[in-house]
Structure formats: C-alpha cells, structure tokens
Amino acid sequence: MLASDQDENKKITEYIQYSLEENFEGLTVNISLLPEKSLLDRESNQDFDLLLTRIGPDFQDPTTYLNNYAGDSFHNHSGYNSSIYNELLQKAGELSAKPKERWQVLIDAEHTLLEEAGVVPLYQSANTALMRQDIMGMIHHLFGPPNYYGKIIPKDE
C-alpha cells in the first residue's frame with residue numbers, strides 16, 4: 001500500500017493495514033510512505049496494489065469527483081473502467097437542461113462506482129477556523145482551497 005509520507009498518513013495506513021490483515025486471514029499488507037513526487041510517479045504509472053490518496057473539488061458539482069473515474073479520464077490512475085459507469089456519466093452530460101434527471105443519473109453513477117469498489121472513500125477532511133470579532137474579510141470557500149486570508153482587515157468600531 002502506497003501513501004505520501006505526510007505525518008497523518010502513517011496512522012491511517014497502519015489502521016488500514018491492521019484492519020485488512022485482521023479480517024482477511026493470511027493477507028500481508030506492506031506500507032510504503034513515499035515523498036509526494038515519487039508517489040505521483042507510481043500513481044500515474046499504476047505501480048501499486050493499494051493507494052491512499054486524496055481528491056479535492058475544483059468546482060461545485062458532483063462531476064468534480066465522479067469524472068476522475070471515467071474510463072478515459074487522464075486522472076483515472078486506478079484503472080477503474082466500467083461501461084455502466086461511463087454510460088451514466090455520458091448521460092448526465094446530456095442532461096444539463098434537466099437538473100432533476102441529471103442529479104438522479106449522477107446518484108446512480110456514484111452508487112455504481114461504490115458498489116463496484118472503483119474507489120473506497122475513507123473519510124472527508126474538514127477545516128476549522130476561529131475568527132476574532134474585531135476583524136472582517138476572511139473568505140471561506142465551500143470548495144477548492146478552504147480559506148482565503150488576503151482580505152482580512154480590522155472592523156471599524
């Protein structure tokens with residue numbers, strides 16, 4: 001199992017290793033924590049059995065995640081390829097003028113991806129910030145980079 005050598009990944013990979021070895025008799029999971037560049041090289045070459053990685057949204061739509069697992073996606077380093085999943089994503093793309101139908105098709109695509117174990121989501125990270133009452137201008141994004149501090153100024157009293 002590969003992961004980047006960032007501090008939090010050591011505990012996460014050790015937990016996954018323990019869980020898998022505990023539940024699958026005879027299975028041995030070896031962990032390799034690599035510098036980011038080495039990890040990205042191995043990921044893009046699909047040189048791994050298991051890979052702990054993360055994905056962050058670029059825009060506010062489910063396809064920011066789902067398109068990563070399309071069979072022809074440049075970002076599909078897992079090698080996952082499902083004709084059913086690909087057809088659902090194509091159908092969703094054709095339904096841009098029908099948001100309710102499109103939404104259901106995207107839900108169906110997500111269910112297909114998870115049922116076929118194209119990806120196994122483990123957790124969603126969060127960001128917490130305390131803000132002093134005498135300042136204003138902190139921008140919190142719902143997607144993309146979490147916070148922008150460049151506009152913070154003192155409040156007029």
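The exercises below, each with a worked solution, concern one chain in a predicted model.

Residues are numbered from 1 along each chain as its sequence is written. Because the model is predicted, local features need pLDDT of at least 70 and side-chain atom pairs count only at pLDDT 80 or more, whereas totals for chains, interfaces and linings use all residues; side-chain values use heavy atoms, with hydrogens and water left out.

**Exercise 1.** Determine how the radius of gyration of the chain stands against the globule rule.

*Solution.* Begin with the elements: the chain has five helices and six strands, where helices (H or I, at least four residues) and strands (E, at least two) are DSSP runs numbered from the N terminus. The radius of gyration, taken over C-alpha atoms, is to be set against a rule of 2.2 Å times the number of residues to the power 0.38. For the 157 residues of the chain this rule gives 15 Å, and the radius of gyration is 20 Å, well over that, so the chain is more spread out than a compact globule. Along its principal axes, the C-alpha trace spans about 65 × 45 × 30 Å.

**Exercise 2.** Work out how far apart in sequence the partners are in the salt bridges Lys 10 to Glu 14 and Arg 102 to Asp 61, and how accessible each partner is.

*Solution.* A salt bridge is a side-chain nitrogen of Lys or Arg within 4 Å of a carboxyl oxygen of Asp or Glu, and the structure holds five. Lys 10 and Glu 14 meet at 2.4 Å, N to O; they are four residues apart in helix H1 (residues 7-23), which means that about one helical turn separates them. Accessibility is graded as buried under 20% relative accessible area, exposed over 50% and partly exposed in between (1.4 Å probe, protein chains only). Lys 10, at 44%, is partly exposed, and so is Glu 14, at 35%.

For Arg 102 and Asp 61, the closest N and O atoms are 2.9 Å apart. This pair links distant parts of the chain, 41 residues apart, with Arg 102 in helix H5 (residues 99-115) and Asp 61 in the loop between H2 and H3. Arg 102 counts as buried at 17%, while Asp 61 is partly exposed at 23%.

**Exercise 3.** Describe the surroundings of Asn 76.

*Solution.* Asn 76 sits in the loop between helix H3 (63-66) and helix H4 (83-94), and its relative accessibility of 8% makes it buried. Leaving aside residues up to four places away in sequence, Asn 76 touches Gln 46, Asn 68, Tyr 69, Ala 70 and Gly 71, contact meaning heavy atoms within 4.5 Å.
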